[in-house]
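Biologist: I am new to this structure. Could you show it to me and take my questions one by one?

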Amino acid sequence: MEEISKLPLPEAFLDFLKENGLDPSVYSAADSTPRYIRLKTGNEADLEEIEAELKCKLEKVVWLSGFYSLPPDIKIATSMAYKQGKIYGIDAASGAAVSALNISAGDHVLDLCAAPGAKLCMILDIIGDSGSVTGVDVARHRLAACRTLLQKYALGDRCRLFVADGTTFSLVPLRLHLDPGSCNSVLQEKDDTFREWTSRIPWKERKRAVKARENAASKAIVRSEHPELIFYGRRSGIVGLTKEEIYQSVCNSEVSSSGYDKVLVDAECTHDGSIKHIQKFENWGWTTLQRRVLDPERTDSVTNLQLKLLTNGFRLLKVGGLLVYSTCSLTAAQNEDVVEQFLKDNASAGTRPERDLRSTSLGVYASKFMAIWA
């Protein structure tokens, strides 16, 4: 307890940790907690060269394929390996949630809370040359950052990104239309089909999109008829289809056979399990922590959102599919309790016990997750 009393944490937060059975001393370990990177598939032969450039030994994470740990003071953003898209930064806890999806060749995967994009990149890296990935996020600017990552790492060929509310998103994967080569005749016959995506949007189309967003922002409720498609790869199933075909509705009975094979719901949370995030409140002010983490109304709002996201993600899962629900909170209220309520409401769902990463030897302390089967 003597060590705990020296921590620069307010009493209210220490009480919060005690109530949730969490060890406060871990929040003083940020300077010794390693950071993690993932080596993009195909760059394994460059490992020694990357180590030489970073001037440190990359320690392989034996329980997480493609992951390496490095000292927390090492900066990767200025390295050529990072600039050339050979490595990307991602927490091991985030990687563990993706790994739990057990993605197989040909899977169609939904990332329901995709921003800021590291997990999305990992999913696409695993998918390789088969299947598809759909990324959804309610924040357009954050999803645009995902798009930038996909382009940087050349991983977007089988991906489509929608700005949408994850609690109501309802589009299933385009399973039968992933080869753009089969669409040539269609492209010649219809003028309203989607061509290959390009960042060079014509001026008139760009102006029309800006005007549409301004009109939506001027209304009390910001809602469009369809989710906004801000990116799609050549083999995402979009090329050659019309808007009507892309946004066609599917009833719940059809989702059971045409839904996603795997769904990741890495839900919005209070981030109390992220050491570095909590330490930021030293600069932001502890009153901000009270509002964002400890306030009961805030917690109730977050857990309500989490349950809605989990419920909708499960609705979009095909029979026999697998959903992983994860947060970077370590509280039972945002994890076990949410899943328990979900299971009461969905008798057809089955679970696999959670994995709590706070006890690993690598210092990971930022995530809980649970796998759910349809």
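Modeller: Bear in mind that this is a predicted model. We can begin with Leu161, which is in contact with Leu120, Leu143, Leu150 and Ile230, among others beyond its neighbours within four places in sequence.

Biologist: Which residues touch the most other members of the largest nonpolar core?

Modeller: In general, nonpolar side chains of soluble globular proteins tend to be buried together. Here the largest nonpolar core has 37 residues. The members that touch the most others are Leu120, Ile123, Leu150 and Leu161.

Biologist: Which element supplies the largest share of this core?

Modeller: Several elements supply at least two residues each, including α5 (92-99), α7 (140-152) and β7 (159-163). The largest share is 7 residues. That share comes from α6.

Biologist: How many residues are in the other core, the one that lies apart?

Modeller: Tyr260, Ala267, Leu323 and Met370 are among the members of this other core. Its count is 34 residues.

Biologist: How many residues of helix α6 are buried?

Modeller: Helix α6 covers residues 118-127 and is mostly covered. Its buried residues include Leu120, Met122 and Ile123, and also Lys119 and Asp125. Of its 10 residues, the buried ones number 9.

Biologist: What phi does Gly128 take, just after α6?

Modeller: Gly128 follows directly on the helix. Its phi is positive, at about 65 degrees.

Biologist: At what angle does α6 run to β4?

Modeller: Helix α6 lies across three strands: β1, β3 (67-70) and β4. Relative to β4, α6 runs at about 145 degrees.

Biologist: Which strands stand at the edges of the open sheet?

Modeller: The sheet has 4 strands in the order β2-β3-β1-β4, with antiparallel pairing. An edge strand has a single partner, so one of its sides is left without a neighbour in the sheet. The edge strands are β2 (59-60) and β4.

Biologist: Which residue is the bridge partner of Arg38 in β4?

Modeller: Strand β1 spans residues 35-39. It is joined to β4 by 3 bridges, and the two run antiparallel. In β4, the partner of Arg38 is Tyr88.

Biologist: Is Lys86 buried or exposed?

Modeller: Lys86 sits in the loop between α4 (80-83) and β4 (87-89). Beyond its neighbours within four places in sequence, its contacts include Arg38, Asp46, Glu49 and Tyr153. Its relative accessibility is 15%, under the 20% cut-off, so Lys86 counts as buried.

Biologist: What distance separates the C-alpha atoms of Leu47 and Ala81?

Modeller: Leu47 is in helix α3 (residues 47-54). Leu47 counts as buried because its relative accessibility is 18%. Setting aside neighbours within four places in sequence, Leu47 is in contact with Leu58 and Tyr68. Leu47 and Ala81 are 34 residues apart along the chain, and their C-alpha atoms are separated by 9.6 Å.

Biologist: How many disulfides does a search of the whole structure find?

Modeller: Take Cys269, whose nearest cysteine sulfur is that of Cys328, 3.3 Å away. A disulfide needs the sulfur atoms within 2.5 Å, so this pair does not qualify. Cys269 is buried at 1% relative accessible area, and Cys328 counts as buried at 19%. Over the whole structure, the number of disulfides is 0.

Technical notes
Residues are numbered from 1 along each chain as its sequence is written. This is a predicted model: local features need pLDDT of at least 70, side-chain atom pairs count only at pLDDT 80 or more; totals for chains, interfaces and linings use all residues. Side-chain values use heavy atoms; hydrogens and water are left out. Buried means under 20% relative accessible area, exposed over 50%, partly exposed in between (1.4 Å probe, protein chains only). Contact means heavy atoms within 4.5 Å. A nonpolar core is a set of buried Ala, Val, Leu, Ile, Met, Phe, Trp, Tyr and Cys residues joined through side-chain atoms within 4.5 Å. Two strands pair if DSSP finds at least two bridges between them. Axes are lines fitted to C-alpha atoms, for helices over the stretch in contact, and angles run from 0 to 180 degrees between N-to-C directions.
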